[in-house]
Structure formats: C-alpha cells, structure tokens
Amino acid sequence: MTSELLAVFEYFEKEKGIDRATMVEALSGALLSASKKSVGPARELRIDIDPERGSIKAIAKLVAVEEVTERWEQIALPLARRIKPDAQLGDEIEVVVTPRNFGRIAAQAAKQHMMQHIRQAEKAMIYEEYKDRAGDIVSGTVRRFEKSDVMIDLGKFEGLMPNRERVSTEEYNIGDRIRAYVVAVENGARGPEIILSRSHPNFVRRLFEFEVSEIADHTVEIRGIAREPGFRTKVAVFSADEKVDPVGACVGLRGARVKNIVRELNNEKVDIIRWSENIEEFVTDALKPAIIRSIQLYPDEKKVRVTVDEMELSKAIGRRGQNARLTSRLIGWDVQVEKDASAHEAFEHRVTGAASELVRQLGIDEELALGLVRGGIVNLETFMDVDADDIAEILDVDLSVAQTVQAAAKRRLVDRGIITAEAAAASMPANEPAPAAAEPESEPAPEAETDRGEVTEEDTDEPVAEAASEESAPESGKGETASPQEAENGSESEENETGEESAEESASAGDEATRAE
C-alpha cells in the first residue's frame with residue numbers, strides 16, 4: 001500500500017496541482033473514518049501518515065487502569081508499562097492500533113472520503129487562482145456541451161461559457177481551440193465556477209490591449225465600446241499626446257493590428273472612431289460613412305437629431321439600425337436620424353414649376369404636365385428627342401392623346417424658331433396633321449422680282465422654302481394655340497379667297513422667267 005499511496009500523491013500533485021500536505025490531511029480523515037469501523041469507538045484516535053515514505057499508523061490514546069472496564073478507552077497497567085515503562089495509574093498511553101486489514105468496506109469508505117476532500121481542495125484552489133483573474137483572456141479547448149452551455153478545458157480546470165455569453169453567429173465543435181474573456185469566478189453551491197464570455201464588450205477591449213502597444217502603455221485610451229456581438233463594434237479612442245494618432249495606432253500598418261482583432265472576432269466589423277468632447281464632431285465621426293447635413297442638440301434631454309439626405313439615410317441608420325443604435329450607446333445620447341425634407345421640398349417645387357411651364361406652353365392639364373415632368377420631359381426642347389409612343393408610355397394614355405401633346409409641342413418649337421416647319425412635319429406621324437405654320441400649299445408662291453434680286457424656281461428649292469417659311473411665320477404667330485383642324489379650315493378659306501390672284505401672279509412669274517431665258 002505504501003508504493004500505491006506514494007503514486008497517488010505524485011499523480012494528484014502533478015496533474016491537479018494539489019499540495020501533498022492537503023492530500024495527507026484528506027487521507028488522514030478518510031482513514032480515521034474507516035478505522036473507527038474496524039478498531040471501534042476509541043477514546044481518542046488519530047492517523048499518522050508519513051508523506052515521504054507513505055507509512056500509515058492508527059494511534060489511540062488509552063487510560064492506564066488496574067482493571068479494564070471499557071476496552072476502547074482503557075488499558076491495563078501492566079500492558080501500559082510494556083509501552084511506557086514509567087507509566088502510572090491514570091496516565092494516557094498512545095497505543096498503535098493499526099488494523100492489519102481495513103477490509104473492503106473500510107477501504108471503500110476511505111477512497112470516497114479522500115476523493116471528496118480532494119475535490120473540495122481542487123475547487124478551493126480554482127477559486128484562489130482565478131478570483132483575481134477576472135477581466136483576463138484565457139485560452140482553452142471545447143470539451144463538451146451541457147444543453148446550450150459550453151464547457152471549456154483550461155488545462156487543470158474547466159470553464160463554463162453560458163449560452164447568454166456566446167456569440168450567436170459562432171459555432172463551436174469539440175476540440176476547437178478558442179479564447180475567451182473571464183467574466184467572473186463564482187463560488188456557488190457546487191463550488192467555484194469560471195464564467196467565460198466571447199460576447200462581452202471588454203473582450204474587444206482586452207484584444208486591443210494585446211495588439212496595440214500604445215493602449216497597453218496608456219498612450220492611447222479606449223474611451224468607449226459599443227458592441228453587437230457577431231455583427232458590429234464601435235470603439236472610441238483618444239490620445240492626450242497630439243503627436244499620436246489614436247485611430248492610426250489602432251489600425252496599424254496596412255491595417256495589420258485591426259485585422260488580427262477582426263480575425264479573432266470571426267470577421268465582425270470593427271469601427272475605430274476618434275473620441276471628442278464636442279458631441280457634434282463625435283456624432284459625425286460615429287455615423288460615418290454617412291454624410292450629415294445638420295445636427296441639432298438637446299442637452300437637457302440628452303438627445304441628438306441628425307438630418308441626412310435621402311441617399312445617405314440607409315448608411316446613417318445601418319443594417320437593421322445598427323449604426324444609429326451603436327452610436328447612441330457609444331456617446332450615451334439618444335440619436336435620432338431623419339431624412340432631410342428641405343431637399344425633397346425643393347425638388348417638388350422645381351417639378352411643380354416645370355409642370356406649370358408646360359401647362360402654359362402646351363395648354364394641357366396639370367396632371368398630364370406633372371406626368372411628363374416626372375417622366376423626364378421637363379421642357380419643350382426635350383420633345384425633340386421623344387416620339388408619341390414614348391409620351392404615351394410615360395403618361396399611360398392612348399396614343400392619340402400623346403400625338404396631340406406632341407403636335408402642340410412641335411408647334412411651339414416652330415414658333416420659337418428652335419426647329420423648322422419641315423423638321424416638325426417630318427417628325428409627325430402620317431395620320432396626324434402637320435403644324436399650321438409648316439403647310440407650304442396654304443401660302444401663295446412668292447413673286448420673282450428681278451429688280452429685288454429674288455431667285456426663280458429654276459435655281460434651288462431651299463431658298464424658296466425659306467421664303468415661304470418667313471412669310472408664313474407672321475400668320476402662324478397670330479394663332480399660337482389653334483388646333484390642327486382650325487389651321488386646316490383657315491388654309492382652305494384662304495385658298496378660295498385668293499385663288500384667282502395666285503393664278504395671275506403665277507402666270508406673270510412664268511412670263512418673266514421665259515424672257516429671262
């Protein structure tokens with residue numbers, strides 16, 4: 001038993017880190033309990049164990065008497081003098097009462113008692129070692145799962161990561177090597193427990209202290225951390241030394257330092273922000289990359305009202321509101337992000353103005369004009385690049401209505417001299433009458449007066465067409481808003497009234513052309 005006992009001592013001393021004196025005390029109590037079953041209820045019984053040699057002795061204190069009446073408390077004087085020659089009546093004599101064999105029951109009781117004491121000693125040692133390590137980062141291996149909790153092997157001890165301290169986006173497997181933050185060491189009913197966490201904001205703080213030497217030596221300070229584990233973290237940093245850039249120090253050369261932290265956090269997004277006493281500057285940096293238009297502060301309510309453009313609203317709020325929510329936690333104020341209504345109002349005002357101009361120019365109703373402007377047709381010049389089909393699609397109306405709008409626009413373009421009547425007529429569909437100013441047959445042919453230097457029909461057609469358009473311009477200007485049907489009726493009546501005069505002028509022009517040849 002001596003060699004086996006020494007082997008047990010060495011095993012627990014090396015593997016569990018339990019002191020040998022503690023194990024000797026635990027074994028003494030266990031053997032004492034077992035000895036009382038084998039030896040009996042002696043007056044005083046103790047167990048002596050030599051921790052170096054592994055020898056065990058059970059010693060009882062008995063009173064020397066002439067006649068023994070209680071065998072577990074008394075010893076005969078002659079027998080006492082064999083142990084102690086000068087023993088007298090009433091003396092206490094220490095007698096070795098070690099049983100030759102504790103027996104199966106005694107040995108089992110000794111084993112259970114010893115294991116119980118060893119477990120208690122192990123828990124006490126865990127508490128003593130880790131009670132001052134709260135706030136540190138430890139490494140361990142995933143050993144097993146208890147429901148949703150993760151048990152992590154820390155070497156000599158085990159740590160517990162409750163479900164509330166896990167990161168929802170992380171999955172763990174048995175045997176995975178992970179790092180965790182020691183939240184607390186709780187000494188509960190089941191003994192001390194090491195509570196670990198990977199979702200705690202201070203886990204990020206400690207990682208920055210390990211990676212950034214300027215934070216470790218307090219050149220750069222972390223003034224605040226707001227975190228949604230697994231998704232995004234905002235860190236506010238500050239340096240009292242003007243020569244040190246706190247953000248650059250945390251990012252590192254080519255982002256080397258922050259990349260190591262992001263890798264440890266399983267690609268969680270980390271925003272590093274310069275801390276400032278000025279709330280406006282702080283909020284502006286915290287809400288980046290969104291561009292802020294205006295900031296209104298309400299110090300009494302600790303509220304910040306931020307206004308951004310509509311295009312920047314999604315950036316300022318962030319995915320599922322993370323950016324605004326984390327900014328609010330970081331600065332400790334209620335941050336409200338709103339869309340800038342002034343830009344929208346200005347846009348609507350411009351739309352209404354353009355629509356009113358189209359109503360005045362084309363004589364159409366306001367609803368159609370607004371539909372044209374919102375569809376991209378904001379002025380008369382835009383009608384030069386669209387056809388009736390495009391207008392019908394924009395307004396969601398019949399093609400005939402679109403052709404009427406297009407004809408009115410072409411007339412205005414001709415009146416303003418932006419396009420020629422021929423170009424306007426060429427762009428009109430076949431079933432739509434051309435603008436009134438563009439009808440050459442409604443005007444008499446110009447007189448070919450040689451003394452005024454006018455050319456005849458034998459030269460070129462282009463000057464004749466230009467002259468016809470010049471003469472028709474004043475007449476078309478008189479009826480700017482006339483419909484195509486009215487223009488056609490007017491031209492027919494004019495032909496009837498001046499038919500004879502046109503014939504005589506044409507004959508005269510023909511005679512002069514013959515004489516010129």
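User: Leaving out residues up to four places away in sequence, which residues does T233 touch?
Analyst: This is a predicted model, where local features need pLDDT of at least 70, side-chain atom pairs count only at pLDDT 80 or more, and totals for chains, interfaces and linings use all residues. Numbering starts from 1 along each chain as its sequence is written, and side-chain values use heavy atoms, with hydrogens and water left out. Contact here means heavy atoms within 4.5 Å. On that basis T233 touches V204, I225, A226, R227, E268, K269, V270, D271 and L326.

User: Is T233 buried or exposed?
Analyst: T233 sits in strand β11, residues 232–239; strands (E, at least two residues) and helices (H or I, at least four) are DSSP runs, numbered from the N terminus. Buried means under 20% relative accessible area, exposed over 50%, and partly exposed in between, with a 1.4 Å probe and protein chains only. T233 comes in at 0% relative accessibility, so it's buried.

User: Which side chain makes a polar contact with the side chain of T233?
Analyst: A polar contact is a pair of N or O atoms within 3.5 Å; within protein, one must be able to donate a hydrogen and the other to accept it, and residues adjacent in sequence count only if both atoms are side-chain atoms. For T233 the distance is 2.4 Å, and the partner is the side chain of E268.

User: L326 is one of the buried residues of α11, so how many of the helix's 10 residues are buried?
Analyst: Besides L326, the buried set includes Q322, N323 and I331. Helix α11 covers residues 322–331 and is largely enclosed by the rest of the structure, because the buried count is 8 of the 10.

User: Which residue of α11 forms a salt bridge with E228?
Analyst: A salt bridge is a side-chain nitrogen of Lys or Arg within 4 Å of a carboxyl oxygen of Asp or Glu. Here the closest N and O atoms are 2.6 Å apart, linking E228 to R325. The pair joins distant parts of the chain, 97 residues apart: E228 lies in strand β10 (residues 220–228) and its α11 partner is R325.

User: What is the relative accessible area of R325 in that pair?
Analyst: E228 is buried, at a relative accessible area of 12%. R325 is partly exposed, and its value is 32%.

User: In the salt bridge of E312 and K315, which residue is buried?
Analyst: The two side chains meet at 4.0 Å, N to O. K315 counts as partly exposed at 41% relative accessibility. The buried residue, at 12%, is E312.
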